[in-house]
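Subject: Structure handover

Dear colleague,

I am passing on the structure we spoke of, and below it I set out what was found. Please read the notes with the coordinates open beside you.

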Amino acid sequence: MKHTAKLKTGHPYISTTNACKLCKPLGACIAFRGIEGTMPFLHGSQGCATYMRRYIISHFREPIDIASSSLSEKHAVYGGGSNLKLGLNNSIDKYAPNAVGVATTCLTETIGDDVSMLLREWRVDADAECPNPEIPVVNVSTASYSGTHMEGFHAVVRETIAQIALTDVPIPESGNEDIKIGTKPLNLMPGFVSTADLRHLRDVCEDFGLEPTILPDYSDTLDAPVMAEYEKLTSGGTSLQSIRKMPRAIASIEFGRVLSACGQTGGELLQEKADVPLYAMGMPIGVRESDRFFNTLSRLSDRPIPRRHELERGRLLDAYADGHKYLFGKRAIVYGEEDLVVGLTAFLSEIGVQPILCASGGSSGYLKDAIAAVTDGLLREAPQVRDDVDFFDIAQDALSLKPDFLIGNSKGYSFAREQGIPLIRVGFPIHDRMGGQRILHLGYRGSQNLFDLTVNAIIAKKQRDSPVGYGYI
């Protein structure tokens, strides 16, 4: 935030209060856990790794190890190269990963460590010290003072494609052994969605006869069943073999209207370097945005939309009609990651809710245009759109806007409690409820789930506020 006040010297200063975003390397670590057998490695201090583990565990309720080069004051002066190389050797020795994902932090970006050069040096010298010197290592630049966790997340997708899928290693012509007979390989890069969303997307693609490579896929690694024996790196994730085959897919689908406007995405790299057609679209939340996704799958597969998805669409429209009397004219504030805010705003506009403020800590500069595109023809009054905000900003605006409810992550809880209005929890982090990682948002089925959550939150508020209560509504 940019709360300007006066110091005793009389000079203005700038502060942030309860940021509406998280740090860039945190998003990178989550994305790296969506690649099979990959060890996230932070080139920075142990404190950064501890903070990120705490945040990720509170949402996913799963253990996650993040290795660190464990820099101290000395390395801030002399550089952290030696610790990076030693840490890589130790991590490979202790965890035996398939790959290592190295993300930088504010400290290493500020002191100017050239991580690419250090990794080349490590590769040359690693034979004697490292048990697996040929292991793939993907590195990303993730200074958190220059972006959000979503930028770190997308950077991992892009660099994984650049450093593994699009290397100079020749791709064998007969490399489709693991593709099911009668299916077509498809690249799907959905962004930061829930583990339930990832599982649902795979099912939907397979219903069309498509074999998706979902990058990243943390549906098992960060939402695993109970295990009889401890696994240092939980099973699951996108395999390196699948990633190497992404240049031979029939097409790529990438979610994110803001993301596609920013450019330099993984899908664009595949299109530019390997001629893989790219279909960029918004997150499929609500009927209109879901229709775009399902129609694209139908076109790519040359199959009609399966009957069970047509039925889900029909039930969703029926629910819209049934619940319209509770929602029409309600006013909502939407906040969180930019592309999720766009998707939720599209959904709310369809169901008769007036979004009055769409806010994000991201600062791409494309949020307003994306909101205008998904609400075209649905709203009588355009919502306020603010990017690069914190929760102090959102609360200040909300006092005059007087919303009926908030929709976003758990960080809005304090304000919702003060104002006595419902908070519908979606996105990341959700650390004050169970199951936040399993909330289904996408497709007709996910939109149905969001619709039920929204209507029931309004009904519960009506019952709480009534002096006599309501049995039938």
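Two strands are taken to pair if DSSP finds at least two bridges between them. With that in mind, and remembering that this is a predicted model, I begin with an open sheet of four strands, whose order is β8-β7-β9-β10 and whose pairing is parallel. The edges are held by β8 (210-214) and β10 (278-281), each of which has a single partner strand, so one side of each is left without a neighbour in the sheet. On average, and with direction ignored, neighbouring strands of this sheet are turned by 25 degrees against each other.

Within the sheet, strand β7 (residues 184-189) pairs with β8 in the parallel sense over five bridges, and K184 stands opposite L210 in β8. Helix α8 (residues 195-207) lies across β7, β8 and β9, and runs at about 155 degrees to β8.

One residue of strand β7 deserves a separate word, namely N187. Buried means under 20% relative accessible area, and N187 counts as buried because its relative accessibility is 1%. Leaving aside residues up to four places away in sequence, N187 touches T213, M246, A249, A251, S252, I253, L270 and V276.

The next item is the largest pocket, which has a volume of about 640 Å³. Its lining is made up of 44 residues, of which T148, M150, E151, H154 and L259 lie nearest the centre of the pocket. At least two lining residues are supplied by each of β6 (137-140), α7 (149-165), β9 (252-255), α10 (257-262) and α14 (338-350), and the largest share, eight residues, comes from α7. In chemical terms, the lining of this pocket divides into 17 nonpolar, 17 polar and ten charged residues, which may be useful to have at hand when you look at the pocket yourself.

Lastly, there is helix α1 (residues 24-32), which is mostly covered, with nine of its nine residues buried. The buried residues of α1 are K24, P25, L26, G27, A28, C29, I30, A31 and F32, and what covers them includes β3 (38-43), α2 (46-60), β5 (99-104), β6 and α7. Two of these covering elements, β6 and α7, were met above, since each also supplies at least two residues of the lining of the largest pocket.

With kind regards

Key:
Residues are numbered from 1 along each chain as its sequence is written. This is a predicted model: local features need pLDDT of at least 70, side-chain atom pairs count only at pLDDT 80 or more; totals for chains, interfaces and linings use all residues. Side-chain values use heavy atoms; hydrogens and water are left out. On a 1 Å grid over the protein atoms alone, a cavity is a set of points where a 1.4 Å probe fits but cannot get out, and a pocket is an open set with protein on both sides within 12 Å along at least five of seven lines; lining residues have an atom within 4 Å of a point. Grid points are joined across faces, edges and corners, and a volume is the space filled by probe spheres set on the points. Ala, Val, Leu, Ile, Met, Phe, Trp, Tyr, Cys and Pro count as nonpolar, Asp, Glu, Lys and Arg as charged, and the others, Gly among them, as polar. Axes are lines fitted to C-alpha atoms, for helices over the stretch in contact, and angles run from 0 to 180 degrees between N-to-C directions. Contact means heavy atoms within 4.5 Å. Buried means under 20% relative accessible area, exposed over 50%, partly exposed in between (1.4 Å probe, protein chains only).
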